[in-house]
Amino acid sequence: MKPNTINQFGGNWTEAKMEIVVNYAKAYLTIMNKQSWVKTLYFDGFAGSGLIGANEDAEAIKGTALRVLDIDNPKPFDMYYFVEKDKKNKEALETLINIDYTHKKNKAHVVQEDCNVKLNDMASFLKRNRAFRALAFIDPYGMTVNWKSIENLKDLGIDLWILVPTGLGVNRLLKNDKKIPEAWLLKLESFLGLSRDEILSRFYSQKTINTLFGDETLVNKEVEIIQKIGNLYTERLKTIFGFVSESFVMRNSTNSIMYHFMMATNNKTALKLANDIVKPKYKL
């Protein structure tokens with residue numbers, strides 16, 4: 001019996017996001033197939049249950065994990081590593097793999113753990129196993145990926161697709177009046193890898209004006225701030241990786257930016273490949 005655990009569908013851009021990753025994976029494997037000494041690893045930090053549905057009545061569709069497992073041409077990955085923190089989702093994905101992907105189950109590892117822990121473990125693995133090249137997909141729940149986990153990937157053979165909650169996450173913590181709770185400041189520091197002073201200086205300006213009752217300081221949140229958050233994360237990734245792709249900008253029904261989806265790499269060919277996939281069809 002197949003599991004009935006289904007992740008909720010996020011929006012019409014969810015399908016496009018999955019297509020970007022799968023199309024990139026196919027092109028990536030085509031290139032790697034020409035390098036016989038290379039071993040390939042696919043890493044999914046938030047793998048889910050394997051299935052996605054709009055609601056209880058909708059027909060489930062395959063998530064990214066299963067779509068990548070479906071790739072056989074030009075070759076499959078040599079190893080798959082699926083991370084899922086939720087126990088039910090982890091077990092559901094594991095069951096699907098055991099039922100529908102019996103020929104790959106020995107190469108597919110499903111673990112219940114925090115993505116940050118396993119990003120650090122992957123970095124250690126790649127340092128010990130230099131023949132491996134990794135394609136990683138990080139599709140987090142909110143601002144759960146710490147910058148230190150990204151930093152550990154420096155100088156490694158990895159192409160990293162990451163969903164950044166610019167509008168849905170970071171912007172919501174940047175209160176208009178700059179009176180940000182301590183817990184939110186700590187989260188911003190952890191997520192961006194910057195001090196609070198650096199973060200606040202990026203997104204707020206202030207000026208003093210003379211009034212009838214004395215000097216008054218006015219605080220202004222930057223305009224087009226969500227795009228500036230996306231630019232900042234790109235800038236931060238460039239301190240770890242040689243190149244960062246254009247972003248696929250995801251918007252909601254009111255045209256507000258929710259996420260930036262981008263790829264970081266140390267390979268110039270990979271950068272061109274990512275941009276060729278993002279630009280023509282997906283960039284909004």
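**Close-up views of a predicted model**

**View 1. Sort the residues lining the second largest pocket and you get 11 nonpolar, 6 polar and 2 charged.** Here nonpolar covers Ala, Val, Leu, Ile, Met, Phe, Trp, Tyr, Cys and Pro, charged covers Asp, Glu, Lys and Arg, and the others, Gly among them, count as polar. This is a predicted model, so local features need pLDDT of at least 70 and side-chain atom pairs count only at pLDDT 80 or more, while totals for chains, interfaces and linings use all residues. Residues are numbered from 1 along each chain as its sequence is written, and side-chain values use heavy atoms, with hydrogens and water left out. The pocket's lining has 19 residues, and Tyr28, Met32, Arg133, Asp159 and Asn267 are the ones nearest its centre. (A pocket is an open set of points on a 1 Å grid over the protein atoms alone, with protein on both sides within 12 Å along at least five of seven lines, where a 1.4 Å probe fits; lining residues have an atom within 4 Å of a point.) Two or more lining residues come from each of α1 (12–32), β7 (132–138), β8 (158–164) and α10 (268–281). Helix α1 is the biggest giver, with 4 residues. Those element names are DSSP runs numbered from the N terminus: helices are H or I with at least four residues, strands are E with at least two.

**View 2. Thr40 sits in strand β2, which spans residues 39–44.** Is Thr40 buried or exposed? Thr40 counts as buried because its relative accessible area is 0%. (Buried means under 20% relative accessible area, exposed over 50%, and partly exposed is in between, using a 1.4 Å probe and protein chains only.) Which residues does Thr40 touch, if you skip its neighbours within four places in sequence? You'll find Tyr28, Leu29, Met32, Lys75, Pro76, Phe77, Asp78, Met79, Phe132 and Arg133 in contact with Thr40; contact means heavy atoms within 4.5 Å. Two of these names, Tyr28 and Met32, should ring a bell: both are among the residues nearest the centre of the second largest pocket.

**View 3. Met122 is one of the best-connected residues of the largest nonpolar core.** That core has 53 residues, and Met122, Leu174, Tyr233 and Leu237 have the most contacts inside it. (A nonpolar core is a set of buried Ala, Val, Leu, Ile, Met, Phe, Trp, Tyr and Cys residues joined through side-chain atoms within 4.5 Å.) Leaving out residues up to four places away in sequence, Met122 touches Leu41, Phe43, Ala134, Ala136, Leu153 and Ile158. A separate core has 43 residues, including Leu51, Ile71, Phe137 and Leu273. In soluble globular proteins, nonpolar side chains tend to be buried together.

**View 4. Phe46 and Tyr141 make an edge-to-face aromatic pair.** Searching the whole structure turns up 14 aromatic pairs. (Rings of Phe, Tyr and Trp, taking its six-membered ring, pair if their centres lie within 6.5 Å; planes under 30 degrees apart are stacked, over 60 edge-to-face, and the rest tilted.) In this pair the centres are 5.3 Å apart, with 90 degrees between the planes. The partners are 95 residues apart: Phe46 is in the loop between β2 and β3 (51–53), Tyr141 in the loop between β7 and α5 (147–151). Phe46 is buried, at 14% relative accessibility, whereas Tyr141 is partly exposed, at 47%.

**View 5. Phe137 and Phe261 meet edge-to-face too, at 6.0 Å centre to centre and 75 degrees between the planes.** Phe137 belongs to strand β7 and Phe261 to strand β13 (residues 257–265), so the pair ties together parts 124 residues apart in sequence. Both residues are buried. They also share one aromatic cluster with Tyr24, Tyr28, Tyr42, Phe77, Tyr80, Phe82 and Trp161.

**View 6. Some loops have backbone details to spot, such as the cis peptide bond joining Asn73 and Pro74.** Its omega is about 5 degrees, and Pro74 lies in the loop between α2 (64–69) and β5 (79–83). Asp155 isn't a glycine, yet its phi is positive, near 70 degrees. Asp155 is in the loop between α5 and β8 and is exposed, with a relative accessible area of 59%.
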